Amino acid sequence: MVSVRDRLMFRPPRLGTALFLPGLPGGGASIYDRSIYKNNGAITGATYARLPSGLPYLDFDAATEKVDLGTTGILTLTSGTVLFWFKCPLTVLDNMILSASDKDTNAVDEWQLNAKGGVGWDNISFVTRTASANVQQLQTAEDTIVANQWTQCAIVSSGTAISMYLQGVSKAITIGVGVNNGDWFGDVPNLDNLTLGLLRRSLGDVAPFVGGQTLLRATSEILTDAQIMRHYIQEKHLFRV
C-alpha cells in the first residue's frame, strides 16, 4: 500500500520533463521514470536506501555499480536543464554522477557531469568531448561542495552557454579547456548510452561514483534562477539542509 506521504512526494513532473527518477519504492532492479517517456533505468549493484524523511535514494558503493538509462530522447536535446540531489565522500578525484558516451570507443565522444574530490577540487565539473578533444571543460570554484553533505545541483544549457547552480544559487564557472559554448547532449555526436554512476568506455568503465543520488530530472526547459531556487526551497527539508 502506498502511503499518503509517497503519493504527495511523487506527483507528476512538469511538462517538458524528459526524465524524472524519484526512486519510487518497490523498484527492485529498476528505477522508474515518472516522465511521459518511461525511460526506466536498469540498476546494476546500486541499492535503494531511505533518508529519515522517507525519501528513497540510490546508494552507490562499488566500482561496477551503475544505472543504465539506454538511448533516451534526452540525448537529442541541444538545451535544457539537469537537476538532482547527491552526496559523496569526495575521497577520490572523479565521481561520475551522470554521463553519456559512445561506449564502443575510448574517450572519443562524451558528456560528463562529475563531482571532483581532493585538495584543490571539491567541486562540480562538466565536460563535453568530441573527436577525442574536450570542447568544454567547465567547473565551479574549489571547495564549493562538501563531503557527505546532501547538495542540490543544477546545470543549465541555454543553447549558447552553460550555467551551474548549487543549493539553488548560481555559481561562477572556471573554464579549464575550450569555451563555454552551451553544448549539450545533442551537440555531441555518437552518444549511445545515458548512465548514472560511472562513465562507459570500450576499454572499461571509469570514474565510479560513491554516495547517494536522488530526484534526478532532465527537461527541455531552460529553468530560470528563480525556478531553480524554488525547487531547492521546496525540497531541502527532505534532506535536512
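**Close-up views of a predicted model**

**View 1. An open sheet of 9 strands.** In this predicted model, an open sheet is built from 9 strands in the order 2-3-6-16-8-9-10-11-15, with antiparallel pairing. Its edges are formed by strand 2 (30-31) and strand 15 (174-178), each of which pairs on one side only. Within the sheet, strand 9 (residues 110-116) runs antiparallel to strand 10, and 7 bridges join the two. Leu113 stands opposite Phe126 of strand 10. In general, strands of a sheet pair through backbone hydrogen bonds, either parallel or antiparallel.

**View 2. Strand 7 and its two partners.** Strand 7 (residues 80-87) is largely enclosed by the rest of the structure, because 7 of its 8 residues are buried. Strand 12 (residues 151-157) runs antiparallel to strand 7 and is joined to it by 7 bridges. In this pairing, Val82 stands opposite Ile155 of strand 12. Strand 17 is also antiparallel to strand 7, with 6 bridges between them. Here Thr81 has Thr219 of strand 17 as its bridge partner.

**View 3. The largest nonpolar core around Val82.** The largest nonpolar core has 42 residues, and Val82, Phe86 and Ile124 touch the most other members. Beyond residues up to four places away in sequence, Val82 touches Leu98, Trp111, Leu113, Cys153, Ala154, Ile155, Trp184, Phe185, Leu216, Arg217 and Ala218. A second core, separate from this one, has 10 residues, including Phe20, Trp150, Leu215 and Tyr232. In soluble globular proteins, nonpolar side chains tend to be buried together.

**View 4. A buried loop residue, Ile145.** Ile145 is found in the loop between strand 11 and strand 12. With a relative accessible area of 4%, Ile145 falls under the 20% limit and therefore counts as buried. Leaving aside neighbours within four places in sequence, the contacts of Ile145 are Phe86, Leu90, Ala115, Lys116, Asp122, Asn123, Ile124 and Leu166. Two of these contacts, Phe86 and Ile124, are named above among the core residues that touch the most other members. Gly182 lies 37 residues from Ile145 in sequence, and the two C-alpha atoms are 23 Å apart in space.

**View 5. The largest cavity and its lining.** The structure holds 1 cavity of 30 Å³ or more. About 60 Å³ of space lies in the largest cavity. The lining consists of Leu21, Gly23, Ile31, Leu58, Leu196, Gln213, Thr214, Leu215 and Leu216. Strand 17 (residues 211-219) gives the largest share of this lining, with 4 residues. By class, the lining has 6 nonpolar and 3 polar residues, and no charged residues. Leu215, one of the lining residues, also belongs to the second nonpolar core, while Leu216, another, is touched by Val82.

**View 6. Two residues with positive phi.** Most residues other than glycine have a negative phi. Ala131 has a positive phi of about 50°, although it is not a glycine. This residue, Ala131, is found in the loop between strand 10 (123-130) and strand 11 (133-139). Ala131 counts as exposed because its relative accessibility is 58%, over the 50% limit. Arg240 likewise has a positive phi, near 55°, in a residue other than glycine. Arg240 is found in the segment after helix 2 (225-235), and is exposed, with a relative accessible area of 67%.

Key: Residues are numbered from 1 along each chain as its sequence is written. This is a predicted model: local features need pLDDT of at least 70, side-chain atom pairs count only at pLDDT 80 or more; totals for chains, interfaces and linings use all residues. Side-chain values use heavy atoms; hydrogens and water are left out. On a 1 Å grid over the protein atoms alone, a cavity is a set of points where a 1.4 Å probe fits but cannot get out, and a pocket is an open set with protein on both sides within 12 Å along at least five of seven lines; lining residues have an atom within 4 Å of a point. Grid points are joined across faces, edges and corners, and a volume is the space filled by probe spheres set on the points. Ala, Val, Leu, Ile, Met, Phe, Trp, Tyr, Cys and Pro count as nonpolar, Asp, Glu, Lys and Arg as charged, and the others, Gly among them, as polar. A nonpolar core is a set of buried Ala, Val, Leu, Ile, Met, Phe, Trp, Tyr and Cys residues joined through side-chain atoms within 4.5 Å. Buried means under 20% relative accessible area, exposed over 50%, partly exposed in between (1.4 Å probe, protein chains only). Contact means heavy atoms within 4.5 Å. Two strands pair if DSSP finds at least two bridges between them.
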